[in-house]
Amino acid sequence: MIDAELPIPLHIQIGNVLEKQIYNGTYTDKIPSERDLMDMFSVSRTTVREAVTKLVQDGVLKKIHGKGTFIAEKPPIEEWLSSLNSFTDTVKRMGMKPGSKLLFAGKQKADTLAHFFGEELYTIKRLRYADAKPVAIEKHYYPIQVGLELQTYNLNNATIYDLLENELHITLTEAEQFISTEKVIKADAVHLNIEPSSQVLSAERVIYDQYGEPIEAYQGLYRPDMYRFRIKTRRDSRQRRG
């Protein structure tokens with residue numbers, strides 16, 4: 001599970017393994033004792049303590065004196081579906097710090113989701129963070145000209161919807177969204193720090209401008225342990241009468 005030949009410190013490797021095991025449900029309440037972890041990874045007590053301490057600092061674990069080290073209960077990020085919000089806005093509303101890393105930006109052949117942009121489109125793919133933890137991978141698809149204008153900005157830290165509205169003067173009016181689950185591919189699993197073929201939440205969305213024209217196609221892949229969608233509904237009065 002860990003490799004002493006890698007340049008990554010052993011306590012970091014152990015922490016990554018434990019975090020994946022927590023995500024996959026191997027540990028749901030508390031993690032094994034220090035002695036068990038020492039035997040499991042064939043490392044010293046100091047290395048185990050360094051790994052556990054970092055996970056406590058990251059908010060993954062919590063220590064309870066005299067009882068052991070437990071899985072920290074942290075509410076997932078909630079996105080309300082009643083309005084169109086960026087990932088940045090959603091994470092900030094939860095009192096967390098958003099972040100991003102640009103994985104790809106450039107021209108690609110259009111896929112089924114964004115077929116209305118023609119045979120070629122501009123793709124922006126980013127890894128999204130909340131409090132420095134990988135939460136989602138977002139893929140934005142645009143007409144070529146819009147993408148070329150967006151690429152002139154720093155896409156590692158920009159809020160794309162702010163750029164569209166404030167710099168490109170495009171009004172984002174409404175969206176249609178579909179939510180499902182899918183198996184994540186290996187490369188994306190590595191970015192999200194989860195096991196390959198894990199199930200993730202998938203949100204596909206098309207945003208329309210003030211003229212009713214599609215301006216963005218989008219797919220977001222979210223870790224289900226860290227993100228959920230929320231909506232409030234009301235029963236139609238006509239149904240109540242029936």
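Okay, one term before we start: when I call a residue buried, I mean under 20% relative accessible area. Glu138 has 4% relative accessibility, so it counts as buried. Keep Glu138 in mind, because we'll meet it twice, and keep in mind too that this is a predicted model.

Let me give you the overall picture. The chain has 242 residues, and 41% of them count as buried. In secondary structure we get 8 helices and 10 strands. If you lay the C-alpha trace along its principal axes, it spans about 65 × 55 × 30 Å. Now look at contacts with a separation of 6 or more: 55% of those come from residues 24 or more positions apart. On the outside, the chain exposes about 13800 Å², with carbon and sulfur atoms supplying 48% of that.

Right, charges. How many positive and negative side chains are there? We have 33 positive and 33 negative, and the centres of the two sets lie 7 Å apart. Side chains of opposite charge can pair when their charged atoms come close. Here the count comes to 10 salt bridges, and I'll walk you through a few.

Start with Glu78 and Arg228, whose side chains meet at 2.5 Å, N to O. Glu78 sits in strand β3, residues 77–80, and Arg228 in strand β10, residues 227–230, so this pair ties together parts that are 150 residues apart in sequence. Are the two partners buried or exposed? Glu78 is buried, with a relative accessible area of 10%, whereas Arg228 comes out partly exposed at 41%.

Back to Glu138, as promised. Its salt bridge is with Arg128, at 2.9 Å, N to O. This pair links strand β6, residues 133–142, where Glu138 lies, with strand β5, where you'll find Arg128, and the two residues are 10 apart. Arg128 has just 3% relative accessibility, so that partner is buried as well.

Another one to click on is Asp225 with Arg223, where the closest N and O atoms are 2.9 Å apart. Asp225 is partly exposed at 33%, while Arg223 is buried at 2%. And there's a network too: Glu34, Arg45 and Arg49 are joined by salt bridges that share partners.

Now for Arg126, over in strand β5, residues 120–130. Which side chain of opposite charge is nearest to Arg126? That's Glu138 again, 4.5 Å away. A salt bridge needs the nitrogen within 4 Å of a carboxyl oxygen, and Arg126 is buried yet has no salt bridge. What Arg126 does have is the backbone oxygen of Leu155, 2.8 Å from a polar atom of the arginine side chain. Setting aside residues up to four places away in sequence, Arg126 touches a list of residues including Ser100, Leu102, Ala136, Ile137, Glu138, Leu155 and Ile160.

Last stop, Val60, which is in the loop between α3 (45–57) and β1 (61–64). Even in that loop, Val60 counts as buried, at 11% relative accessibility. What is Val60 in contact with, leaving aside neighbours within four places? The residues are Glu19, Ile22, Leu55, Phe70, Ile71, Ala72 and Lys133. And if you want to place Val60 relative to Ala136, the two are 76 residues apart in sequence and 17 Å apart in space, C-alpha to C-alpha.

That's my tour, so over to you.

Notes. Residues numbered from 1 in each chain as written. Predicted model: local features only at pLDDT ≥ 70, side-chain atom pairs only at ≥ 80, totals over all residues. Heavy atoms only, no water. Helix = DSSP H or I, 4+ residues; strand = E, 2+ residues; numbered from the N terminus. Buried < 20%, exposed > 50% of the residue type's maximum accessible area, 1.4 Å probe, protein only. Contact = heavy atoms within 4.5 Å. Areas by Shrake-Rupley, 256 points an atom, 1.4 Å probe, with all protein chains shown as cover. Lys, Arg positive; Asp, Glu negative; His and termini not counted. Charge placed at Lys NZ, Arg CZ, Asp CG, Glu CD. Polar contact = N/O pair within 3.5 Å; in protein donor to acceptor, adjacent residues only side chain to side chain.
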